Amino acid sequence: TNNIAIGKDVLYSTVNAAGNVAIGQEAMYYVGRSSSDPAGDNHSNVAIGYQAMKGTAGGSRTQGQTNVAIGYQAMAEFDQADAADGSIEKNVCIGWGSGYYNSGKDNTFLGYATAYNAISLTGYSNVGIGTLAMFKLTSGSENIVIGPNCGYNLLSGDRNVVIGSRAAENLATGDKCVMIGYRPVCANADS
């Protein structure tokens, strides 16, 4: 109830959703598919763009609350089954494909394909800003990554601060690294 839907197949298969804004073809298409889920599990989302917050067609329910996804396929394949604690909430994904597989919470991804290839991303409290930043992130949490291609291959590192063009581009895992500049390295890293 009280949803705003503008565009072809917007909120198409949505059940038990309240206070959402969805604009663009197939925005929030599969969100809240289970009729047994309470309406409170899927509310206060903003999805603007083609397939923004589309959700998944599988057997798992796709629920989210207080998320913002703006851009072509921003947060398109988020999936409740991948969420670490069952909640996908308080994420902001802005840009083409930003946070495409994001099923975490409290993440902010800004830029073209930021955290795009992060299959089943369950990490939380990450900030990724820049084209292809955090492109492959899966379970890393509390990272701050700023710059184009910055943290591109970062999969599971925690509490890293990475700033600069291509900074930590080949870092796969590593915790508590601070890297600033063009292609710096970290002593705590497995790259």
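I began with Ala-5 and looked up what stands across from it in the predicted model: Ala-5 lies opposite Ala-22, a residue of β2.

Next I followed the two strands around this pair, and I noted that β1 is joined to β2, which covers residues 21-23, by three bridges, with the two strands running parallel. I reminded myself that strands of a sheet pair through backbone hydrogen bonds, and that the pairing may be either parallel or antiparallel.

I then asked which order the strands take in the open sheet. I read it as β1-β2-β3-β4-β5-β6-β7-β8-β9-β11, ten strands with parallel pairing. At the edges I found β1 (4-6) and β11 (178-180), and since each has a single partner strand, one side of each is left without a neighbour in the sheet. For the turn between neighbouring strands of this sheet, I wrote down an average of 5°, with direction ignored.

Turning to the whole chain, I looked for helices as well as strands, and I recorded zero helices and twelve strands. Read along the sequence, the pattern is therefore written with β alone, as β-β-β-β-β-β-β-β-β-β-β-β.

How much of the chain is buried? I noted that 48% of the 191 residues count as buried, taking buried to mean under 20% relative accessible area. For the accessible surface of the chain I entered about 7,800 Å², and carbon and sulfur atoms hold 53% of that area.

Last, I looked at contacts in the chain with a separation of 6 or more, and I found that residues 24 or more positions apart account for 16% of them.

Conventions: Residues are numbered from 1 along each chain as its sequence is written. This is a predicted model: local features need pLDDT of at least 70, side-chain atom pairs count only at pLDDT 80 or more; totals for chains, interfaces and linings use all residues. Side-chain values use heavy atoms; hydrogens and water are left out. Two strands pair if DSSP finds at least two bridges between them. Helices (H or I, at least four residues) and strands (E, at least two) are DSSP runs, numbered from the N terminus. Axes are lines fitted to C-alpha atoms, for helices over the stretch in contact, and angles run from 0 to 180 degrees between N-to-C directions. Buried means under 20% relative accessible area, exposed over 50%, partly exposed in between (1.4 Å probe, protein chains only). Contact means heavy atoms within 4.5 Å. Accessible areas come from the Shrake-Rupley method with a 1.4 Å probe; for residues, only the protein chains shown count as cover.
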